[in-house]
Amino acid sequence: MRVVRLKPSADSTIATYTSNTMPTYQIPEKPGHCRVITARAGNPLVTNNQTGTSKVLIPCKTLEQAKEICERINSGNHNGTINA
């Protein structure tokens, strides 16, 4: 199993994946309100505009996927992890 850190801090959101599955992102207990933005490359990105350990950054392939993930996080329907 390979672990990819999305930012330099040790307690940050971590993406874990194996070769056959989608990445699994850990969501903090109180992520706050998430929204969909466009990254520099033009792909959608789910973020909550926070810093530190409660920061959420999830890159997505399509806008529909980003909206679905954002709704799941905002409604609390994630059990601490989300597959993207």
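**Helix 1, length check.** I began with the span of helix 1 in this predicted model. At 1.5 Å a residue, its 13 residues should span 18 Å, and I found the end C-alpha atoms 18 Å apart, which agrees.

**Helix 1, which side is in?** Next I listed the buried residues of helix 1: Gln65, Ala66, Ile69, Cys70 and Ile73. Looking down the helix axis, I saw these buried residues fall within an arc of 130°, so they line one face of the helix. The reason for such spacing is a familiar one: an α-helix has 3.6 residues a turn, so residues three or four places apart point the same way. I then turned to the face directed away from the buried side, and there I noted the exposed residues Glu64, Glu71 and Ser75.

**What covers the buried side of helix 1?** I looked up what covers the buried residues of helix 1. The cover includes strand 4, strand 5, strand 6 and strand 7 (81–83). I also noted how helix 1 (residues 63–75) is placed: it lies across strand 4, strand 5 and strand 6, and runs at about 10° to strand 5.

**The sheet under helix 1.** I traced an open sheet of three strands in the order 4-5-6, with antiparallel pairing. Strand 4 (35–38) and strand 6 (57–59) are the edge strands, each pairing on one side only. Neighbouring strands of this sheet are turned by 30° against each other on average, direction ignored.

**Pairings, one by one.** I went through the bridges next. Strand 4 and strand 5 run antiparallel and are joined by four bridges. Strand 5 (residues 44–47) pairs with strand 6, also in the antiparallel sense, over three bridges. Following Thr47 of strand 5, I found that it is the bridge partner of Arg35, while in strand 6 the partner of Thr47 is Leu57. I did likewise for Val46: Val36 stands opposite Val46 in strand 5, and Val46 stands opposite Ile58 in strand 6.

**Strand 5, buried or exposed?** I checked the two faces of strand 5 and found both covered. Pro44 and Val46 are buried on one side, and Leu45 and Thr47 are buried on the other. For the side-to-side pattern I reminded myself that in a regular strand the side chains alternate between the two faces of the sheet.

**Two glycines.** I looked at the hairpin of strand 4 and strand 5, which has five residues between the strands, and there Gly42 takes a positive phi near 100°. I found another positive phi just after helix 1, where Gly76 has about 85°.

**Where is His78?** I located His78 in the loop between helix 1 and strand 7. Its relative accessible area is 12%, and since buried means under 20%, I put His78 down as buried. Leaving aside neighbours within four places in sequence, I found His78 in contact with Ile27, Arg72 and Ile73; of these, Ile73 is also on my list of buried residues in helix 1. A polar atom of the His78 side chain lies 3.0 Å from the backbone nitrogen of Gly80.

**Whole chain, for the record.** I finished by stepping back to the chain. I noted one helix and seven strands, following the pattern β-β-β-β-β-β-α-β along the sequence. Buried residues make up 33% of the 84 residues. Of the contacts with a separation of 6 or more, 38% are between residues 24 or more positions apart.

Note on methods. Residues are numbered from 1 along each chain as its sequence is written. This is a predicted model: local features need pLDDT of at least 70, side-chain atom pairs count only at pLDDT 80 or more; totals for chains, interfaces and linings use all residues. Side-chain values use heavy atoms; hydrogens and water are left out. Two strands pair if DSSP finds at least two bridges between them. Axes are lines fitted to C-alpha atoms, for helices over the stretch in contact, and angles run from 0 to 180 degrees between N-to-C directions. Contact means heavy atoms within 4.5 Å. The expected span of a helix is 1.5 Å times one less than its number of residues. Buried means under 20% relative accessible area, exposed over 50%, partly exposed in between (1.4 Å probe, protein chains only). The arc is that of the directions from the helix axis to the C-beta atoms. A polar contact is a pair of N or O atoms within 3.5 Å; within protein, one must be able to donate a hydrogen and the other to accept it, and residues adjacent in sequence count only if both atoms are side-chain atoms.
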